[in-house]
Structure formats: structure tokens, C-alpha cells
Amino acid sequence: MHDLTGFQRDILYATTGLEEPHGLAIKEELDDYYEQEINHGRLYPNLDDLVNKGLLEKGELDQRTNVYTVTQRRLREIEARCEWESQYLEDVNAPTTS
């Protein structure tokens, strides 16, 4: 995930947590997180980039709605990222002695 933008990483985390990750649901999650509206021109090209990188699979929910499903690579990438982050957060979560 080192080659992704922060926004693309946020998309991956949001899609992982959604029961049915379609474009509008992902957009709503990101709107809430960023506390502003994410426009379609920003979201969908980034979703396509993630599909092209093999981190998401794109399918059709219906004729108007795309759904983005979990790939094994995405799960491995997120797990590796969490492990990498946790090594730096261990000190933050450790009890302090005064």
C-alpha cells in the first residue's frame, strides 16, 4: 500500500467495513470521514485505479450500480499496513510512568 495515496487507502478501509460496498455507500462513508462531500470526479477514478492494481474487484449490483468486492491481495495489504502502523503505535498505547 506504499504506492497508494492517503485517499486511496481510506477507500480501501471504507470498502472493507461495508456490507455491500457500492459507489454511493463508499462515497457516503468518505463524506462522513472527511466531513465534506467527496465529488464523483475524485472517487470513481480512484476506485478504478484500485481495481487496476488488483486491490478491488468491480462487478455489477444492477444496471446502474457497481459493487466493489474484497480481493485477497487487498486483505494482505491491509494486514501488512496494520502491522507496520502498530509497530509505531505501541509506544503511544503503552502506559506512562509518572
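Colleague: What percentage of the 98 residues in the protein is buried?

Modeller: The model is a predicted one. A residue is taken as buried when its relative accessible area is under 20%. Among the 98 residues of the protein, the buried share is 32%.

Colleague: In what order do the elements of the protein run from the N terminus on?

Modeller: The protein contains four helices and two strands. Read from the N terminus, these elements follow the order α-α-α-β-β-α.

Colleague: Which helix supplies the largest share of the largest nonpolar core?

Modeller: In soluble globular proteins, nonpolar side chains tend to be buried together. The largest nonpolar core here has 18 residues, and Ile11, Leu12, Ile26, Leu30, Leu43, Leu47 and Leu50 touch the most other members. Helix 1 (6-17), helix 2 (23-34) and helix 3 (40-52) each contribute at least two residues to this core. The largest share, four residues, comes from helix 1.

Colleague: With which residues is Ile11 in contact, leaving aside its neighbours within four places in sequence?

Modeller: Contact requires heavy atoms within 4.5 Å. Ile11 is one of the core residues that touch the most other members. Once neighbours within four places in sequence are set aside, its contacts are Ile26, Leu30, Leu43, Asn46, Leu47 and Leu50.

Colleague: How many Å apart are the mean positions of the positive and negative charges of the protein?

Modeller: The protein carries 10 positive and 21 negative charges. A mean position is taken for each of these two sets, and the two mean positions are apart by 6 Å.

Technical notes: Residues numbered from 1 in each chain as written. Predicted model: local features only at pLDDT ≥ 70, side-chain atom pairs only at ≥ 80, totals over all residues. Heavy atoms only, no water. Buried < 20%, exposed > 50% of the residue type's maximum accessible area, 1.4 Å probe, protein only. Lys, Arg positive; Asp, Glu negative; His and termini not counted. Charge placed at Lys NZ, Arg CZ, Asp CG, Glu CD. Core = buried A, V, L, I, M, F, W, Y, C linked by side-chain atoms within 4.5 Å.
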